[in-house]
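Visitor: I am new to this structure. Please take a close look at the charged side chains and at the parts they sit in.

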Amino acid sequence: LVLGEQVILFLNRRGYASFAECLACGHIWTCKSCSVTLTYHRRRSRLVCHHCGYEADLPTRCAVCEDSQPRFTGIGTEQVERTVSELFPSARIARMDLDTTGSKWAHFEILEAFRRGELDVLLGTQMIAKGLHFPRVTLVGIVYADTGLHLADFRAGERTFQLLTQVAGRAGRGEVEGEVVVQTFSPVHPAIQFARRHDYEGYFEAEMEFREQLRYPPFTRAAMLTLRGRSEEKVSFSAEHLKKQIEPIAQKLTDLQISGPAPAPLLRAETFYRYQIMLRTGRMSELSRHLTDITSSLNFPDEVNLTVDIDPVNLL
């Protein structure tokens, strides 16, 4: 900073802390409509669900054991901003995430101030990862690179590799050589190691070997069947019934692999419970015809809906 150079800090998790926990009994504050924890936003003094937008007041005591107020655990961009400002009080810092770019021109104004050199540190989430060219940025820090690495999606490693590579590319775009520092709890993970070396071909080969062994795309094609409803019992029952209707197809499509039914990684979303069945085959057009026949003839319980996603991009 003394040399007039700039820093980008990346953390793909907004808020101050990931969740609130009672120290006495271990109770975790969760969303009323989704099966996720509420994130603590310090500046707004609120607990917020990042999926449906539900908000709650900060608790003064635990609702289970009535002990004193909770401890806040985990890290978000708000907490990083506070820590950096305490460590470097003279640094001019701007945070760019959904909480700071709500107004019409906020995103543009922050980037333009950084471009003019009026800011020393730009801290943000995925929105600062790509498409930015700042020649004076000589240091990129990636905080907690594991954020999306262990999600229940076979593309989690691929997305992490892409994101790290994109963020790292923001450093050293001018005449001065750049440096990238990555903080991770999984330093030996292929996505981290190949991104560290900017080795796209190496990561591609390793990932293709993994996909081929487990018969994931692109070596097969996938269909995700998701049942949703407000009664978990009805949704679970419907999913089991649907699987029984699909199983005879495997006699015709010998390469068909049926996974599930199982609760979705995010079981409850906006008051709806979700169960999933994943199908993998090399003969998708034939499978699609069978699925059309089955789904058009099935009658599900009230308020249970089925969606069929061919070649799903997101499994969550």
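Guide: The side chains of Glu 286 and Arg 283 meet in a salt bridge, with N and O 2.9 Å apart. Glu 286 counts as partly exposed because its relative accessible area is 22%, and Arg 283 is also partly exposed, at 33%. The model is a predicted one. In total, the structure holds 17 salt bridges. As background, side chains of opposite charge can pair when their charged atoms come close.

A second pair is Glu 158 and Arg 211, whose closest N and O atoms are 2.7 Å apart in a salt bridge. This pair links distant parts of the chain: Glu 158 belongs to helix H3 and Arg 211 to helix H5 (residues 200-214), and 53 residues separate them. Arg 211 is buried, because its relative accessibility is 5%, whereas Glu 158 is partly exposed, with a relative accessible area of 25%.

Helix H1 holds another pair. There, Arg 82 forms a salt bridge with Glu 86, and the closest N and O atoms are 3.3 Å apart. The two residues are four apart in helix H1, so about one helical turn separates them. Arg 82 counts as partly exposed, because its relative accessibility is 32%; Glu 86, at 54%, counts as exposed.

Now take helix H1 as a whole, residues 77-87. Its buried residues are Thr 77, Glu 78, Val 80, Glu 81 and Val 84. These residues cover an arc of only 160 degrees around the axis, so they lie on the same side of H1. The face turned away from that buried side carries the exposed residues Glu 86 and Leu 87. The cover over the buried residues of H1 includes strand E1 (6-10), strand E3 (39-41), strand E7 (93-96) and strand E8 (121-124). Glu 81, one of the buried residues of H1, also takes part in a network of salt bridges together with Arg 43, Arg 95 and Asp 97.

Next come the nonpolar parts. The largest nonpolar core has 29 residues, and Ile 8 and Leu 122 have the most contacts inside it. Among the elements that each supply at least two residues of this core are E1, E7, helix H2 (106-115) and strand E9 (137-142). Helix H3 (156-168) and helix H4 (190-196) do so too. Leaving aside neighbours within four places in sequence, the residues in contact with Leu 122 include Ile 8, Ala 94, Met 96, Ile 110 and Phe 114. Apart from this core lies another, of 19 residues, among them Ala 223, Leu 256, Tyr 275 and Leu 291.

Leu 256 is also among the residues in contact with Arg 280, which is placed in strand E13 (residues 272-281). Arg 280 is buried yet has no salt bridge. The nearest side chain of opposite charge, that of Asp 255, is 10 Å away. What Arg 280 does have is polar contact with the side chain of Ser 259, at 3.0 Å. In addition, a polar atom of the Arg 280 side chain lies 2.8 Å from the backbone oxygen of Leu 214. Other residues in contact with Arg 280, outside its neighbours within four places in sequence, include Arg 215, Tyr 216, Thr 220 and Gln 257.

Technical notes:
Residues are numbered from 1 along each chain as its sequence is written. This is a predicted model: local features need pLDDT of at least 70, side-chain atom pairs count only at pLDDT 80 or more; totals for chains, interfaces and linings use all residues. Side-chain values use heavy atoms; hydrogens and water are left out. Buried means under 20% relative accessible area, exposed over 50%, partly exposed in between (1.4 Å probe, protein chains only). Lys and Arg count as positive and Asp and Glu as negative; His and the chain ends are not counted. A salt bridge is a side-chain nitrogen of Lys or Arg within 4 Å of a carboxyl oxygen of Asp or Glu. A polar contact is a pair of N or O atoms within 3.5 Å; within protein, one must be able to donate a hydrogen and the other to accept it, and residues adjacent in sequence count only if both atoms are side-chain atoms. Contact means heavy atoms within 4.5 Å. The arc is that of the directions from the helix axis to the C-beta atoms. A nonpolar core is a set of buried Ala, Val, Leu, Ile, Met, Phe, Trp, Tyr and Cys residues joined through side-chain atoms within 4.5 Å.
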